[in-house]
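The following paragraphs walk through one protein model, beginning with its metal site. Please keep the sequence and the coordinates at hand while reading.

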Amino acid sequence: MKNSILIINGLLLTMEQEMPLVEDGAIFIKDGIIVDCGTSREIAKRHGRVETVIDAESHIIMPGLVNCHTHLPMSMFRGLADDLPLDVWLNEHIFPAEAAMLNPDSVKKWALHSCMEMLLAGITTCCDGYFYEDQVAEAVMASGMRAVLGQGVIDFPAPGVPEPAKNIDVAEDFVRKWKSFSSTNKSYVQDAGHSRIQDAGYSRVVPSVFCHSPYTCSRETLIKAKEMAKRLGVLFQIHVAETREEMNMVRRINSSISGDESRDMSVVQYLDSAGILDDKTLLVHAVWINDADMEIIKSRSAKVAHCPESNMKLASGIAPAWKLVQENISVGLGTDGCASNNTHDLFSEMDMAAKLQKTALMDPCAMDARSVVEMATIGGARAIGLGHITGSIVPGKKADIIVVGLRKPHMVPVYNPWSTVVYGAKASDVRVVMVDGTILVKDGKFLNPDFHD
Ligand SMILES: [Zn+2]
């Protein structure tokens, strides 16, 4: 049968509540969609004649990982400025380097580089916010990944947006353009003359709005950007409460806010007072939040991207991620950009996320392995608005799937597969990566000869 794939004989982690684990599992895929999954015997019986068979014996089959927060082109700054306080790192190193090095070509080149890094590490979907986002989108399209992409909004002259007054217009143009590409499909190929980009695949790019932070965007900018995101029905991403100092910075910048009540507002309360929080708002970091903030986040159904390694490296603090999970707030896992991590590796991030919460709470039961895998798959997909498309293995969803080897000594034996994934597996154990039913990585190597491993 044309365009059909059978993945068979693997330890299947669906990340669905009803059938989380199938020991001798298989998946049947047709035209990029998961059609059927279950035991190898029943799936092979029901779908015998297929175009491609992947034998996953001694491998885990699981959903592709979802990286909820990154800045793809920032891989060009990997290792440029490490071991510095966040304000020094950002203002004295990253912002000047961006001013000097960013242009459409460098953004596209390094965004593609990051996509390759992520695909090899089993990340099939990411959520990005940056500048020159058209070029980021072109790189994502070329790589074969799926992504939610936000054009950056900041109240300073920014790369590609020299006039801050136009920041929201530029972001709106980006959203409208990529929304129309996904509906009309062919126009972009003709406009840009890209013969290698096929018609299919525009649905892999989902546009969004990315306001950098409450301290780099005025209250007015935040309100306008959120209104635009609401009007166009897209995700609104923002760095929130990353550092302890952020509350004072927000207060200073927005001196128009007066009165005793506003003086004591937390960053989350401040954003909520501006109408920013709803179910299409992704709060990135959320390190310095209190119980009242969590109540607000929960009542607005806002989402959180937890980035433990970036928070640790910049000594920002420890987000109350386990508490958020227990409060049933939608939490995904993010690497953040490569300037503050320095890799796009969610296996390492999962391991760290579990151990950091245990240490912070002095509780080895906190942030168990299965909860962490959920954050890195279906939880992340839900947090960025793609829970109906990716993040778990169930008929009807897109075939975004990875196959992870279990033969290496550090992966043997397997008592609890979620523990194996979180505490044992490394990014280099990923053998097969599929997005939209297209096999991009096989035997740990790219099938596209233009991509390097
Ligand atoms: Zn970030």
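In this predicted model, the zinc ion is coordinated by three histidines and one aspartate: His69, His71 and His239 each through NE2, and Asp336 through OD. The coordination distances run from 2.1 to 2.4 Å. The angles among the 4 donor atoms range from 89 to 169°, and the site is classed as irregular. The reason lies in the upper end of that range: four donors count as tetrahedral only if all angles lie between 85 and 135 degrees, and 169° falls outside those limits. For reference, ideal angles at a metal are 109.5 degrees for four tetrahedral donors.

Along the chain, the donors of the zinc ion follow the spacing H-x1-H-x167-H-x96-D. His239 belongs to strand 10 (residues 236-240), while Asp336 sits in the loop between strand 13 (331-333) and helix 14 (346-361), so this pair ties together parts that are 97 residues apart in sequence. His239 has a relative accessibility of 7% and therefore counts as buried. Asp336, at 5% relative accessibility, counts as buried too.

His71 and His239 also appear in the description of the internal space. The model has 1 cavity of 30 Å³ or more, and the volume of the largest cavity is about 240 Å³. Its lining consists of 23 residues, and those nearest the centre are His71, Met74, Leu90, His212 and His239. Two of these five, His71 and His239, are zinc donors. Which element gives the most to the lining of the largest cavity? Helix 2 does, with 6 residues. Helix 2 (86-101) and strand 7 (123-130) each supply at least two residues of this lining. Sorted by class, the lining comprises 13 nonpolar, 7 polar and 3 charged residues.

The backbone has some features to check. Most residues other than glycine have a negative phi, and most peptide bonds are trans. Asn341 and Asn342 are joined by a cis peptide bond with omega at about 15°. Asn342 is placed in the loop between strand 13 and helix 14, the loop that also holds the zinc donor Asp336. A cis peptide bond also runs from Val412 to Pro413, where omega is near -5°. Pro413 is in the loop between strand 14 (401-405) and helix 17 (417-424).

Positive phi values are found at His285 and Asp436, neither of them a glycine. For His285, phi is about 90°. This histidine is part of strand 11 (residues 281-285) and is buried, with a relative accessible area of 1%. For Asp436, phi is about 60°. Asp436 lies in the loop between strand 15 (430-435) and strand 16 (438-442). Is Asp436 buried or exposed? At 19% relative accessibility, Asp436 counts as buried, because the class covers values under 20%.

Turning to the cysteines, how many disulfides does the model have? The count comes to 0 disulfides. A disulfide is a covalent bond between the sulfur atoms of two cysteines. Cys68 is in no disulfide, and its nearest cysteine sulfur, that of Cys127, is 6.5 Å away. Since a disulfide requires two cysteine sulfur atoms within 2.5 Å, this separation of 6.5 Å does not qualify. Cys68 is buried, with a relative accessible area of 0%. Cys338 is likewise in no disulfide; the nearest cysteine sulfur belongs to Cys115 and is 11 Å away. Cys338 also counts as buried, at 0% relative accessibility.

Two pairs of residues show how parts of the chain that are distant in sequence are placed in space. Ala147 and Ile384 are 237 residues apart along the chain, and their C-alpha atoms are separated by 9.5 Å. Ala147 is in strand 8 (residues 146-153) and counts as buried, at 0% relative accessibility. In the second pair, Asp82 and Ala339 are 257 residues apart along the chain, with a C-alpha separation of 7.8 Å. Asp82 is located in the loop between strand 6 (65-70) and helix 2, the helix that gives the most to the cavity lining. With a relative accessible area of 27%, Asp82 is partly exposed.

Terms used
Residues are numbered from 1 along each chain as its sequence is written. This is a predicted model: local features need pLDDT of at least 70, side-chain atom pairs count only at pLDDT 80 or more; totals for chains, interfaces and linings use all residues. Side-chain values use heavy atoms; hydrogens and water are left out. Donors are N, O and S atoms within 2.8 Å of the metal (3.2 Å for Na, K and Ca); water is not among the atoms, so sites may look incomplete. Four donors count as tetrahedral if all angles lie between 85 and 135 degrees; four count as square planar and six as octahedral if opposite donors are over 155 degrees apart and all others between 65 and 115; anything else is irregular. Helices (H or I, at least four residues) and strands (E, at least two) are DSSP runs, numbered from the N terminus. Buried means under 20% relative accessible area, exposed over 50%, partly exposed in between (1.4 Å probe, protein chains only). On a 1 Å grid over the protein atoms alone, a cavity is a set of points where a 1.4 Å probe fits but cannot get out, and a pocket is an open set with protein on both sides within 12 Å along at least five of seven lines; lining residues have an atom within 4 Å of a point. Grid points are joined across faces, edges and corners, and a volume is the space filled by probe spheres set on the points. Ala, Val, Leu, Ile, Met, Phe, Trp, Tyr, Cys and Pro count as nonpolar, Asp, Glu, Lys and Arg as charged, and the others, Gly among them, as polar.
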